[in-house]
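Student: I should like to understand how the descriptive terms applied to a structure are justified. May we work through some of them?

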Amino acid sequence: MDTLATFCHSRHASLLTSIAMACLWAFFASAHVVGYLHSGDWSYLLFCVAETLAALFFIVRSAPVSVSTDAGDWLLAIGATFAPFLFAPADMAIWPGARYLLAVGSLLQIAGLLSLNRSFGLVAAQREIKTGGVYRVVRHPLYASYLISLSGYLLANTSLANTIIYVATMTMMVMRLLREERFLSTDVRYRVYMRQVKYRLLPFIF
């Protein structure tokens, strides 16, 4: 446990995750820029911008007070964060109009990132608690935006590979959210925030 804790706080861990994200982002961005050039579909560029912003905020994130050293938390965080970079444009669409759902989710994602600012991180960690902006509505607006945007993406770019990635990402995201809250709730300030904002992901639902 001490070894894992040391590694989690090390520059090596940060460097490795940053390199992995950069490689996956390059693959993701090139696929969606090409998709835009071939189809003229603006939603590819908007989705790419939102994910690129997330990658940038990850790079400039602030140092945490404490970070989870649970291997499960790290695996879920890495999987849920990097999996969307595996999405690829597809010719088939169950609902072509879902690109507008994707747009809503991407704009919410950008709003969530701007609200979170440098408190953005990969794995559950004690950083500055954000309670303003979209964080007044749900406790995890970024995860809510991912649910909306990725659902829109799958409906507008329907393929077996995208479906598998979607199911895996959503499963990991919910598991990650629950484990993250378990870690954050050790802070009395976060428990107060949980009482103030009742819903995790979707208002009046969850």
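Tutor: Buried means under 20% relative accessible area, exposed over 50%, and partly exposed in between (1.4 Å probe, protein chains only). This is a predicted model, in which local features need pLDDT of at least 70 and side-chain atom pairs count only at pLDDT 80 or more, whereas totals for chains, interfaces and linings use all residues. Residues are numbered from 1 along each chain as its sequence is written, and side-chain values use heavy atoms, with hydrogens and water left out.

Student: Why is Tyr100 called exposed?

Tutor: Its relative accessible area is 52%, and the term requires over 50%; therefore Tyr100 is exposed.

Student: Is Gln109 buried or exposed, and how do you know?

Tutor: Gln109 has a relative accessible area of 0%; the limit for buried is under 20%, so Gln109 is buried.

Student: What makes the approach of Gln109 to the side chain of Glu51 a polar contact?

Tutor: A polar contact is a pair of N or O atoms within 3.5 Å; within protein, one must be able to donate a hydrogen and the other to accept it, and residues adjacent in sequence count only if both atoms are side-chain atoms. The two side chains meet at 3.4 Å, which satisfies the distance limit. The Gln109 side chain also reaches the backbone oxygen of Ala50 at 3.2 Å.

Student: The structure holds 8 aromatic pairs; why is the pair of Trp42 and Tyr100 called tilted?

Tutor: Rings of Phe, Tyr and Trp (its six-membered ring) pair if their centres lie within 6.5 Å; planes under 30 degrees apart count as stacked, over 60 as edge-to-face and the rest as tilted. Here the centres are 5.6 Å apart and the planes at 50°, so the pair is tilted.
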